[in-house]
Each structure stands twice: as structure tokens, then as C-alpha cells.
Amino acid sequence: MIDSFRLTEAAARKYQRHSVPAMFGPLAEKTVDLLRLKPDMHVLDVACGTGALTRAILKALKGRCRILGTDLNQTMIDVAREMTPDSPHNVDWLAADVTDLPLKDSGFDLACIQQGLQFFPDKPAALHEIHRVLRSDGRLCLTCWKEISPFNDSLATALEHHINPQAAEKARAPFSYRDGHVIQALLGENGFAVKRHAAIVLHRRFADLGEQILALPIEKDLRDAGEEKTRLVIDTTSKLLAPYDTDGVFIVPQEAHFFEARCR
Ligand SMILES: C[S@@+](CC[C@H](N)C(=O)[O-])C[C@H]1O[C@@H](n2cnc3c(N)ncnc32)[C@H](O)[C@@H]1O
């Protein structure tokens with residue numbers, strides 16, 4: 001488990017304030033269109049974070065479903081709960097490791113993982129546990145970043161130059177599991193039959209590159225390195241992203257795999 005996924009309350013709040021509007025919210029909006037949702041479904045959102053996908057599913061089904069969001073980090077779950085203050089009776093939240101879900105067998109029609117699989121240290125154990133809590137005809141839908149985004153690649157290069165390789169590795173970590181054939185084989189070997197593989201493309205806007213860089217888990221590495229090195233990282237990232245500069249705003253593509261698989 002990488003340290004950046006033991007998140008403090010401040011990190012969970014920053015994730016909701018910056019990363020959800022910039023990336024995970026728009027991704028969730030595009031993902032729900034592919035989920036083949038049906039009213040009254042029982043849905044499990046695994047590694048739900050602060051609940052971006054949970055809320056998008058609720059909105060798409062106008063609240064007509066039962067949905068449980070689970071995440072390793074209690075801090076993410078706390079923010080997710082706050083984000084649904086009128087918590088409808090059909091939404092619940094639970095802090096749990098995906099490999100040890102305190103849930104009964106065969107309770108869900110659909111399990112979703114939005115940008116979580118790449119961070120699970122034991123992926124087969126995670127898939128077996130999800131399979132156990134799905135009904136025999138249940139489905140798993142997941143997204144995982146495809147190509148490394150030009151933003152993260154540029155930032156990692158800048159961190160390698162000015163900070164250290166460990167900080168660069170953190171910037172690349174969300175893209176550490178991006179081979180579609182590998183994901184397809186993993187699903188096939190762990191109880192699922194892949195029914196659909198599609199791509200989702202986002203165009204992220206970076207109006208204030210420095211602010212968006214400092215909203216990432218590498219903030220601590222930058223603060224420890226000091227203001228001058230932080231400025232160098234921001235400047236180098238900005239130069240590397242020049243091809244994406246549109247009137248002072250960087251518009252950067254970011255592509256995700258979407259997989260839909262059925263329990264075998
Ligand atoms: C990039 S975030 C995605 C969160 C959310 N799905 C979203 O789209 O905003 C990855 C999430 O995976 C969770 N996570 C990492 N390892 C986990 C594990 N072993 N079990 C459950 N959740 C885990 C983290 O706590 C984090 O909230």
C-alpha cells in the first residue's frame with residue numbers, strides 16, 4: 001500500500017475540493033452513461049473515495065436504488081457522508097478494505113470501482129471478495145486510467161529533475177496499471193467474463209497549474225523541498241505542457257479504460 005492512500009482528514013477534504021471537480025466528478029458523469037443502470041438496483045461502489053460515482057449513480061436513478069459506498073479510508077467516508085447531508089435512507093457508507101468486506105454473500109446487482117483497482121495491493125483477493133458479494137448474475141464495472149496523462153507525465157519529469165524519484169513515482173502511481181490486456185486477463189482469471197471494453201476521454205483544464213499541483217498528495221514533498229524548488233517544478237511542468245496551452249489555460253486529455261464484466 002502506498003502511503004498516499006492513508007489519507008488525513010485535510011487530504012480527504014482537499015481531494016473533494018480539487019480532484020473531484022477537476023477529474024473524478026466529470027469521469028463519474030461519463031461513466032454512469034455506460035453502467036446500464038436500472039431502477040431499484042442494489043449497487044456497491046468500491047473504493048468510493050468521497051463518493052463522486054455514488055452521487056452520480058443516485059442522480060441518474062433519481063434516488064431509486066440502494067447504494068453502499070465503501071473505502072479503505074475512514075476520512076474519505078466521512079467527507080462522502082457529509083456530501084449527502086440529507087442522506088437518503090437508501091445510501092450508506094462503510095470504511096473497509098476491499099479484500100475484507102464485512103458484507104453478506106450475494107447481496108449486490110452491480111459493483112463499481114472508479115480509479116481504485118490500480119491501488120489494490122492484492123488485486124485477485126479484491127476481485128474474489130467483490131465476486132462473493134455480487135449475485136450470481138451480478139456485474140462489475142470499473143475504470144482505470146489508460147495512457148499516462150501529459151499532465152502527470154510532465155509533473156513526474158519535473159519532480160525527477162528537481163525533487164526525487166520517489167515523488168515522481170507518486171505522480172505516476174494512478175497510471176501504474178494501464179494495460180487493457182492485463183486488466184482483461186485479471187478479470188478473466190478471477191471469476192468474471194468481460195462483456196465490454198470501452199474508452200472514456202476527459203479534457204482537463206488547468207487554469208492555475210501551481211494550485212492544482214499543490215492539491216496533489218505530493219504537496220508534502222514540495223513543501224519539504226522548499227519554495228524555490230516548488231517554483232522550479234511548477235515552471236518545468238508548465239514548459240513541458242506548452243503544446244496544450246490554449247490562451248493561458250492548459251487543456252490536457254486524459255483517457256480511461258471502462259470494463260464491464262459479468263460473474264461467471
Ligand atoms: C483515486 S481514489 C478514487 C476514489 C473514488 N472512486 C473517486 O472516483 O473519487 C482511490 C481510492 O481507493 C481507495 N483504496 C485504496 N486502496 C484500497 C483498498 N485496499 N480497499 C478499499 N479502498 C482502497 C483509496 O482510499 C481512495 O479513496
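## Close-up views of a predicted model

**Figure 1. A60 lies in helix α2, which spans residues 52-60.** The coordinates shown here and in the views below come from a predicted model. With a relative accessibility of 39%, A60 counts as partly exposed. Apart from neighbours within four places in sequence, the residues in contact with A60 are V32 and L37. G210 is 150 residues from A60 in sequence, and the two C-alpha atoms are 34 Å apart in space.

**Figure 2. Two residues with positive phi, R36 and K62, are each placed in a loop.** R36 is in the loop between α1 and β1. Its phi is positive, about 50 degrees, although R36 is not a glycine. K62 occupies the loop between α2 and β2, the latter being residues 65-71. K62 is likewise a residue other than glycine, with a positive phi near 50 degrees. The relative accessible area of K62 is 74%, and the residue is therefore classed as exposed, the cut-off being over 50%.

**Figure 3. The ligand is surrounded by 17 residues.** Those that come nearest are Y15, A47, D71, N73 and Q114. By residue class, the shell divides into 11 nonpolar, four polar and two charged members. From the side chain of Y15, a polar atom lies 2.6 Å from a ligand oxygen. Two further approaches involve the backbone. A backbone N or O atom of L72 is 3.2 Å from a nitrogen atom of the ligand, and a backbone N or O atom of V98 is 3.0 Å from a ligand nitrogen. The ligand taken alone exposes 590 Å², of which the protein buries 98%.

**Figure 4. A10 belongs to helix α1, residues 9-32.** A relative accessible area of 56% makes A10 exposed. T75 is 65 residues away from A10 in sequence, while the C-alpha to C-alpha distance between the two is 8.6 Å.

**Figure 5. Helix α4 has a buried side made up of K123, A126, L127, E129, I130 and V133.** Viewed down the axis of α4, these buried residues fall within an arc of 160 degrees, so they line one face of the helix. The cover over the buried residues of α4 includes β1 (41-46), β4 (108-114), β5, α7 and β6. At the N-terminal end of α4, D122 acts as the cap, with a side-chain oxygen 3.1 Å from the backbone nitrogen of A125.

**Figure 6. Helix α7, residues 180-189, carries the buried residues G180, I183, L186 and L187.** Down the helix axis, the buried residues of α7 occupy an arc of 125 degrees, which means that they line one face of the helix. They pack against α4 (123-133), β5 (134-145), β6 (192-206) and β8 (249-263). On the face of α7 turned away from its buried side are the exposed residues H181 and E189. The N-terminal end of α7 is capped by D179, which has a side-chain oxygen 2.8 Å from the backbone nitrogen of H181. G191 follows α7 and has a positive phi, near 95 degrees.

**Figure 7. Q254 is a residue of strand β8.** Its relative accessibility is 2%, so Q254 counts as buried, the limit being under 20%. A polar contact joins the side chains of Q254 and R204 at 3.4 Å. When neighbours within four places in sequence are set aside, Q254 is in contact with M23, W145, S149, N152, F175, I200, V201, L202 and R204.

**Figure 8. S154 is found in helix α5, which covers residues 150-162.** At 8% relative accessibility, S154 is counted as buried. The side chain of S154 comes to 2.7 Å from the backbone oxygen of P150. Beyond its neighbours within four places in sequence, S154 is in contact with T237, L240 and L241.

How values were computed:
Residues numbered from 1 in each chain as written. Predicted model: local features only at pLDDT ≥ 70, side-chain atom pairs only at ≥ 80, totals over all residues. Heavy atoms only, no water. Near = heavy atom within 4 Å. Polar contact = N/O pair within 3.5 Å; in protein donor to acceptor, adjacent residues only side chain to side chain. Areas by Shrake-Rupley, 256 points an atom, 1.4 Å probe, with all protein chains shown as cover. Nonpolar A, V, L, I, M, F, W, Y, C, P; charged D, E, K, R; others polar. Buried < 20%, exposed > 50% of the residue type's maximum accessible area, 1.4 Å probe, protein only. Helix = DSSP H or I, 4+ residues; strand = E, 2+ residues; numbered from the N terminus. Arc of directions from axis to C-beta. Contact = heavy atoms within 4.5 Å.
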